[in-house]
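Please open the model in your viewer and keep the sequence panel beside it. The tour below proceeds by selections, each followed by what is to be found there.

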Amino acid sequence: MSKYGKEILIGTVPVIILFLLFIGVNVIPLVFMSAILATFFFMSRARNGMNIGSDRKTKSKAAPAYMTFDDIGGQDRAKRELTEALDFLIRYDEIQRLGIRPLKGILLTGPPGTGKTLLAKAAAHYTNSVFMAASGSEFVEMYVGVGASRIRDLFKEARNRAIKENKDSAIVFIDEIDVIGGKRDGGQHREYDQTLNQLLTEMDGIHTSVHPRVLIMAATNRKEMLDSALLRPGRFDRHIEVDLPDKKGRLHILNIHAKNKPLSEDVSLDQIAQETFHFSGAQLESVMNEAAIYAMRDESEAIEQKHLSLAVDKVMLGEKTDRESTKEERERVALHELGHAIAAELVRPGSVSQVSLSPRGKALGYVRHNPQQDQYLYTKEQIEHQIMIALGGAVAEEMFYGGRSTGSRNDFEQALNMVRTMMDSGLTKLGIIDREMVTKQELMKENSEILDELTKSTRELLEKYRIVFEQSLDILIQEENLSGDQFRSLLEHQTKNMQIA
Ligand SMILES: Nc1ncnc2c1ncn2[C@@H]1O[C@H](COP(=O)(O)OP(=O)(O)OP(=O)(O)O)[C@@H](O)[C@H]1O
Ligand SMILES: [Zn+2]
């Protein structure tokens, strides 16, 4: 029977009863029957109402109130390690039977924007726990004692909420734990100390057999800063590294954030995953979002590949700025960038995809490199090449102006980082060392020897291509951009000339 059929039927029942009463019929059995019918009607209506409610829930799936592990791209290893740890929380009776010390704290470490918060939320869903979050930075600039009582309240509220919502456990998540849990070095951070002490007290006081159980999760991107008191067994004794995603992970994350967006048929997210080497999950989310904004500006129906490419540039280099610069400045920037580009192309042929003079973010110009493969091991030679590419800008300025400018700060920072990597990996004359084993002077000496040597080789290399600088400069100043292929043909032409000569 249709819903309306039922309604009409039930609606007519009182009318019929009144009519029968009027003509003097015994209506008691009828009243009974109609009561039963009415109950049936209201029950089915209530059930329908519930259905409508849950329909609405499925429709708004784009933004669920909870987070599952499937909503997190890549991070397969972290997810596996985390679920393994969480199973300890779920299979509590078994753990207790075997006398295993229950888990109290899980520490997630890794660079910003890699999904640590998402993992903590998913953990709460996975274990059917209530989720409470706080961030270490909230505790900065708090009056003495406030931080500690805030920690106490956090745990109290977690327990209360778990009881109220009838859950077995609560997960308390503290982001940026290093702010409160930094190494305690002599009284400087008195107030943080109290906050940290309170946190330690709470952790020690978690009687894991008391209902509701509490699990603490914390995140940091500076694990080495943490006070060892936090890392002791029985505190944060499970550490899970959350790394930048590899290509497969990046593709997965892009797909997750593409779900609610119209993509044109020409879009290859695989290509974008390839181009976004070293991007975090948060940056990839940003790429998808910015691409949608570019599509809207273009009034296009769907996101196209060109929108995604623009978005990658924007997230990587910042928004295009229309900063005006003088002719001299532009020339210097152009030569500087060409220095990077020529060095790059000579040590890693085919690697330059664009040289540009349009200012973006803080940079006045930039070189775009072709996507690299994910790589976790580097040879000494590869690092040296990388350093030469970084030095190329400053070397070019020296070649054409006899001196450098402030434009090489970032480049030098990169170069220094790479020298440090070489030293730590035993790839220098110092051999296999621990930083403690050598004096600062020895380190500095080796550092400058490496950099001087590589600056010299870069200079020798670039000098041979002076003419390419001059030819490319004209194009760059006029057109603002030089494509990788354009640039390569100028370079190849010069290489041939040198071979003939
Ligand atoms: N693995 C991922 N899958 C899907 N989205 C991700 C992933 N990682 C990050 N994101 C996106 O980036 C945003 C920020 O991630 P999240 O806050 O979890 O990073 P985090 O590691 O906690 O960063 P921080 O250390 O800066 O707090 C998320 O809301 C999400 O949109
Ligand atoms: Zn530079």
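**A loop to begin with**

Begin by selecting Asn 166, which has its place in the loop between α6 (146-164) and β3 (169-175). Its phi is near 60°, a positive value in a residue other than glycine. Asn 166 is exposed, because its C-beta has 9 other C-beta atoms within 10 Å, and a residue counts as exposed at 12 or fewer. Bear in mind throughout that this is a predicted model.

**The whole chain**

Now zoom out and colour the protein chain by secondary structure, which shows 19 helices and eight strands. Of the 501 residues in the chain, buried residues make up 33%. If you display contacts between residues at least 6 apart in sequence, 75% of them join residues at least 24 apart.

**A second positive phi, and the glycine beside it**

Next select Gln 75, in the loop between α2 (28-59) and α3 (76-90). The phi of Gln 75 is near 55°, again a positive value in a residue other than glycine. Is Gln 75 buried or exposed? Gln 75 counts as buried, because it has 27 C-beta neighbours inside 10 Å and 20 or more are enough for that label.

From Gln 75, move to Gly 249, which touches Gly 73, Gly 74 and Gln 75 when residues up to four places away in sequence are not counted. Gly 249 has its place in helix α10 and counts as buried, with 23 C-beta neighbours inside 10 Å. Draw a distance from its C-alpha to that of Asp 76, and you will find a separation of 8.3 Å between two residues that are 173 residues apart along the chain.

**Around ligand 1**

Select ligand 1 and the 19 residues that surround it, of which the closest are Pro 112, Gly 115, Lys 116, Gly 281 and Ala 282. The elements that give two or more residues to this shell are α5 (116-126), α10 (247-258) and α12 (281-297), so colouring these three helices separately helps to follow the shell. In character, the shell divides into seven nonpolar, nine polar and three charged residues. By domain, it draws at least three residues from each of domain 2 (69-241) and domain 3 (247-317).

**Into the largest nonpolar core**

Hide the ligand and turn to the largest nonpolar core, which has 47 residues, and in which Leu 119, Ala 123, Ile 171, Val 172 and Met 217 touch the most other members. Select Val 172 in particular: leaving aside its neighbours within four places in sequence, Val 172 is in contact with Met 132, Leu 154, Phe 155, Ala 158, Val 214 and Ile 216. Apart from this core lies another, of 40 residues, among them Ile 342, Val 347, Ala 390 and Val 419.

Then select Phe 131, which lies in strand β2 (residues 129-135). Phe 131 is buried, because 20 other C-beta atoms lie within 10 Å of its own, and 20 is the number at which a residue is called buried. Which residues does Phe 131 contact, once its neighbours within four places in sequence are left aside? They are Lys 121, Ala 124, Ile 171 and Phe 173. The C-alpha of Phe 131 is also separated by 9.2 Å from that of Ser 169, a residue 38 places away along the chain.

**Along helix α14**

Move on to helix α14 (residues 327-347), whose 21 residues should span 30 Å at 1.5 Å a residue, and whose end C-alpha atoms are indeed 30 Å apart, so the expected and modelled spans agree. This helix is mostly covered, with 16 of its 21 residues buried.

Within α14, pick His 336, which is buried, with 26 other C-beta atoms within 10 Å. Not counting residues up to four places away in sequence, His 336 touches Gly 393, Ala 396, Glu 397 and Gly 407. His 336 and Val 395 are 59 residues apart in sequence, yet 7.9 Å apart in space, C-alpha to C-alpha.

**A last stop**

Finish at Gln 471, which is found in helix α18 (residues 466-479). Gln 471 counts as partly exposed, because its 18 C-beta neighbours inside 10 Å fall between the limits of 12 and 20. From here, a C-alpha to C-alpha line to Phe 487, 16 residues away in sequence, covers 9.5 Å.

How values were computed. Residues are numbered from 1 along each chain as its sequence is written. Chains are lettered from A and ligands numbered from 1 in the order in which they are written. This is a predicted model: local features need pLDDT of at least 70, side-chain atom pairs count only at pLDDT 80 or more; totals for chains, interfaces and linings use all residues. A residue is near a molecule or strand if its C-beta atom, placed from the backbone, lies within 6 Å of it. Helices (H or I, at least four residues) and strands (E, at least two) are DSSP runs, numbered from the N terminus. Ala, Val, Leu, Ile, Met, Phe, Trp, Tyr, Cys and Pro count as nonpolar, Asp, Glu, Lys and Arg as charged, and the others, Gly among them, as polar. Domain bounds come from an automatic or database domain assignment. A nonpolar core is a set of buried Ala, Val, Leu, Ile, Met, Phe, Trp, Tyr and Cys residues joined through C-beta atoms within 7 Å. Two residues are in contact if their C-beta atoms, placed from the backbone, lie within 7 Å. The expected span of a helix is 1.5 Å times one less than its number of residues.
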